[in-house]
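Hi there,

Here is the structure I promised to pass on to you. Please open it next to this email and follow along as you read.

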Amino acid sequence: MTQRLFPILIFATTMALIPFIPGMPPFWIVLLDNIGLAALVAMGLVLLTGVGGLTSFGQAAFCGFGAYTTAVLTTAYGVSPWLTLPLSLVVSGVAAVLLGLVTVRLSGHYLPLGTIAWGIALFYLFSKLEVLGRNDGISAIPPLSIGTFKMLDPGTIYYAIWIAVIVCALLTMNLLDSRTGRAIRALRRGHIAAEAFGVQTARAKLLVFIYAAVLAGLSGWLYAHFQRAANPTPFGPQAGIEYLFIAVVGGAGYVWGGVLGAGIVVILKEILQSYLPMVFGGQGQLEIIVFGILLVTLLHLAPGGVWPWLMARLPFKARRPHPDRSLKLAARERPAAPQDMLLRVDNARKQFGGVVAVNNVSFEVKAREIVALIGPNGAGKSTTFNLITGVLGATSGHISVLGKSVDKAPPQEVVKLGIARTFQHVKLVPDMTVLENVAIGAHLRGHAGAISSMFRLDRADEAKLLAEAARQIERVGLGDQIDQLAGSLSLGQQRIVEIARALCVDPMLLLLDEPAAGLRHMEKQRLAALLRQLRDGGMSVLLVEHDMGFVMDLADRIVVLDFGTKIAEGTPSAIKSNPDVIKAYLGAAA
Amino acid sequence: MNTTILLFLLQDGITNGAIYALLGLALVLVFAVTRVILIPQGEFITFGALTYATLSAGQFPGTVRLAVAMGIVAFGFDLFAGRKALHARLVVRALAVNILFPLALLAATLLVAGRHNSIPVNIALSLLIVAAIGLFLYRIAFQPIAHTSVLVLLIASVGCHLALQGFGLVFFGAEGQRGPTVSDAAVTLGQLRFTGQSLAVYGITIALIAALWLFFGFTVTGKALRATAVNRLGARLVGIRTSLSGQIAFLLASVIGAISGILIVPITTLYYDTGFMIGLKGFVAAIIGGLVSYPLTAVAALVVGSVEAFSSFYASNFKEVIVFTLILPVLVLRSLAAPAVEEEKD
């Protein structure tokens with residue numbers, strides 16, 4: 001607790017004392033005000049772009065919503081500025097919902113381009129609407145005031161701005177360090193893994209989009225009362241581009257990177273604007289040229305931004321608290337009578353255009369059973385997994401879990417029934433620790449939402465999730481790696497991390513896609529022992545594997561696929577001598 | 001609305017749309033090959049147009065000096081990148097492309113500037129100057145970070161846009177300029193009068209689209225560019241120099257941008273920062289085309305041009321709002337048809 005808050009406390013005290021430094025030029029305070037305003041927007045972008053992977057050029061437009069809301073209400077209707085604060089935030093948030101519904105589902109590069117487009121459209125709307133004063137904007141906005149004390153000069157609103165920055169930074173960091181935060185951080189690596197553990201990715205994306213917009217709206221509201229005027233220019237596409245710069249320069253993945261980036265960019269622009277004309281004479285927009293060139297140079301030198309570069313050079317490293325492993329999560333409710341049939345795949349078929357990837361395959365997995373799905377490459381094993389877990393919809397046929405049909409169920413519903421999986425191509429978040437990655441597996445077993453996380457009301461819930469994750473990590477034998485970044489582990493270990501993540505679901509059926517690939521002999525034996533132990537504890541396992549020694553040793557039953565069709569099913573000894581299987585693997589005897 | 005206005009607006013829209021189509025094609029081309037979203041496309045337009053206008057006015061364009069300066073930097077980059085194995089051939093090639101080529105342009109410009117030249121000479125010189133800038137821009141700003149994420153490339157692209165726009169102000173001043181028309185001929189067809197300029201716009205657009213189609217469909221270089229677009233690593237493994245592909249893409253994009261600029265500068269007054277907006281409308285078309293499809297982009301560009309023409313007639317205040325909002329229904333459609341299986345990111 002103290003370790004987390006101590007640096008922030010020092011920062012807050014420093015910022016509070018700055019205006020009292022004797023001889024502090026008032027102009028510097030104005031600069032600090034501007035830095036704070038930009039930092040608020042950049043912080044939203046950190047969450048949206050750096051953490052969530054959604055690039056937006058349109059944040060300046062949300063500042064505009066915030067600023068114009070208060071400008072119109074305070075000047076035309078005489079509403080108190082403090083009353084317009086919630087309204088400004090709500091207007092920005094509602095605008096974000098509308099635009100977000102359209103944009104956030106877009107993948108990759110459509111999103112930034114889409115945001116440029118509506119950013120420009122909104123800018124022109126601001127500058128053409130009569131009620132917003134067209135290009136001239138709205139002036140004579142009343143200042144913020146407490147009682148009779150009016151925040152008229154930059155030195156007093158300074159405190160309002162920086163209190164907002166520090167509070168928002170704290171809330172944002174709290175949010176990232178929580179169940180919802182992990183879901184957000186998983187977004188950047190694609191949605192399939194997150195959805196397999198119950199994360200509603202579309203909702204998480206919309207959440208960060210709204211969060212970033214509300215922060216921008218707050219910045220716009222403060223801006224309107226700081227400048228006491230609002231016109232379209234600071235809410236246009238150039239400003240939107242600049243906010244994104246700030247986030248990237250500071251370090252797009254880090255909350256404090258946004259603040260640092262705001263400081264760097266605002267000060268740099270000021271220096272360039274005031275000193276360049278002296279050096280080169282007053283022609284043209286030299287500062288823009290130098291600014292552009294510096295930016296490209298910076299990206300060449302530190303594509304990750306300045307904050308992580310600085311942190312890597314700190315002499316001391318932050319210690320991570322260890323989860324209290326004694327806390328228990330409620331176990332899944334299992335059917336009282338041991339049900340025999342866990343999973344039934346009945347004539348499942350999947351066609352991609354003319355290619356039949358899975359051709360009317362039927363098989364079953366019973367309780368307390370290890371079933372192996374084998375077959376040559378391209379036999380349709382992973383596609384079968386995707387059909388069972390709801391990643392793909394079957395062209396025809398039925399799949400049911402405990403007698404319940406999952407034909408139309410999305411991945412988030414399938415995992416609720418107690419089916420957890422791993423992936424053939426490892427899908428972990430490389431810049432999260434092993435513990436955090438595994439805790440995503442327990443996503444559905446926690447209940448804290450975004451708001452309670454921001455205010456740290458989620459700690460009891462969170463401690464249980466982390467305890468469960470830590471237990472599962474120790475169970476699979478990676479206790480020593482618990483605080484390492486997932487991306488730094490070997491591929492074999494990453495597969496084991498995926499198994500731990502799947503175990504966090506407290507599943508009844510574990511689907512493992514090539515779990516032994518990349519493991520050494522001893523590690524494979526340990527994995528086999530673990531899987532047997534899980535089966536004896538009442539879990540079933542369906543695994544795809546190419547290591548025949550591993551499969552024959554472990555599986556109770558084997559299903560063989562070839563070119564999407566089931567060619568055999570039986571005990572390991574029966575499969576070993578099955579002529580069709582030998583033919584599929586080795587070709588027909590000459 | 002009477003038919004005359006309708007036809008007139010349609011004609012106006014198609015002329016604008018043809019320009020947007022060219023820009024959209026260039027954007028698709030660059031994005032497909034390099035993953036760079038080419039924000040500085042707007043500067044290629046203004047540089048081409050204003051270099052041409054300046055030359056026609058008998059003055060010396062500053063862009064050629066920029067080309068020489070960028071060439072020197074690019075030469076430094078080439079030497080630094082190849083420092084482990086400096087073959088004579090590499091040095092000679094770098095020297096020829098980065099130093100001699102822009103110097104030749106400078107010499108040619110000094111030779112013709114201040115005199116009354118024929119239009120083709122001015123056009124050719126303007127195109128070559130902008131081509132050099134485009135080529136060096138890729139070498140300096142993008143080639144060293146070609147492997148990074150689309151976001152980093154995008155930000156770098158914005159940085160280039162800012163720097164080049166600043167240079168534009170230095171070279172051309174804040175005053176708008178117009179250039180001489182390519183042809184003064186005019187054809188009257190019924191109620192419609194086609195100027196030689198608008199006919200040139202149609203003709204050159206169609207010719208360029210055909211040329212691009214031939215280039216990508218039937219030449220080894222074109223196929224190499226397409227291969228790079230599909231899979232960078234795979235292309236390198238079969239011996240395609242992906243950095244060269246990027247340079248070619250930028251070269252083509254800058255020439256296309258400059259051509260567009262030269263085509264419109266006789267029709268509308270261009271300022272040093274006008275290109276940005278024109279380029280963005282090309283974007284709208286490119287996004288509608290999904291950043292992959294050339295024909296769809298061309299059709300979308302015509303739609304964008306027509307919508308712009310009609311909205312400037314009926315709701316001129318909200319022209320830009322309408323044009324840029326056009327993208328939203330397209331985005332909705334695309335998000336409804338989102339792909340089932342995700343692409344691997346980063």
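In which sense do strand E13 and strand E14 of chain A pair, and over how many bridges? Strand E13, which covers residues 557-562, pairs with E14(A) in the antiparallel sense, and 5 bridges link the two. One of the residues to look up is Val559(A), whose bridge partner in E14(A) is Glu569(A). Together, E13(A) and E14(A) make a hairpin, with 2 residues between them. In that turn you will find Phe563(A), which has a positive phi of about 50 degrees. Please keep in mind that this is a predicted model.

**The sheet around the hairpin**

Now step back to the whole sheet. It is an open sheet of 6 strands in chain A, in the order E10-E11-E12-E7-E13-E14, with mixed pairing. At its edges are strand E10 (419-421) and strand E14 (565-570) of chain A, each of which pairs on one side only. On average, neighbouring strands of this sheet are turned by 15 degrees against each other, direction ignored.

Two helices of chain A are worth finding next. Helix H14 (residues 381-388) of chain A lies across E7, E10, E11, E12 and E13 of chain A, and runs at about 145 degrees to E11(A). Helix H20 (residues 521-536) of chain A packs on the sheet too, where it touches E7, E11 and E12 of chain A. The direction of H20 makes about 145 degrees with that of E12(A).

**Domains of chain A**

The domain assignment splits chain A into domain 1 (2-265), domain 2 (338-418 + 507-590) and domain 3 (430-506). The centres of domain 1 and domain 3 of chain A, taken over C-alpha atoms, are 31 Å apart. Their contact takes 16 residues from domain 1 and 18 residues from domain 3 of chain A. On the domain 1 side, helix H6 (154-176) and helix H7 (179-187) of chain A each supply at least two residues. H7(A) gives the largest share of that side, 7 residues. By class, the domain 1 side has 8 nonpolar, 5 polar and 3 charged residues.

**Where the two chains meet**

How many residues does each chain bring to the contact between chain A and chain B? Chain B gives 44 residues and chain A gives 44 residues. On the chain B side, the elements that give two or more residues are helix H6 (150-172), helix H11 (274-288), helix H13 (319-325) and helix H14 (327-336) of chain B. The largest share, 16 residues, comes from H6(B). Sorted by class, the side of chain B that touches chain A has 31 nonpolar, 7 polar and 6 charged residues.

Enjoy exploring!

Notes. Residues numbered from 1 in each chain as written. Chains lettered and ligands numbered in written order. Predicted model: local features only at pLDDT ≥ 70, side-chain atom pairs only at ≥ 80, totals over all residues. Pairing = 2+ DSSP bridges. Helix = DSSP H or I, 4+ residues; strand = E, 2+ residues; numbered from the N terminus. Axes fitted to C-alpha atoms, helices over the stretch in contact; angles between N-to-C directions. Contact = placed C-beta atoms within 7 Å. Nonpolar A, V, L, I, M, F, W, Y, C, P; charged D, E, K, R; others polar. Domains from an automatic or database assignment.
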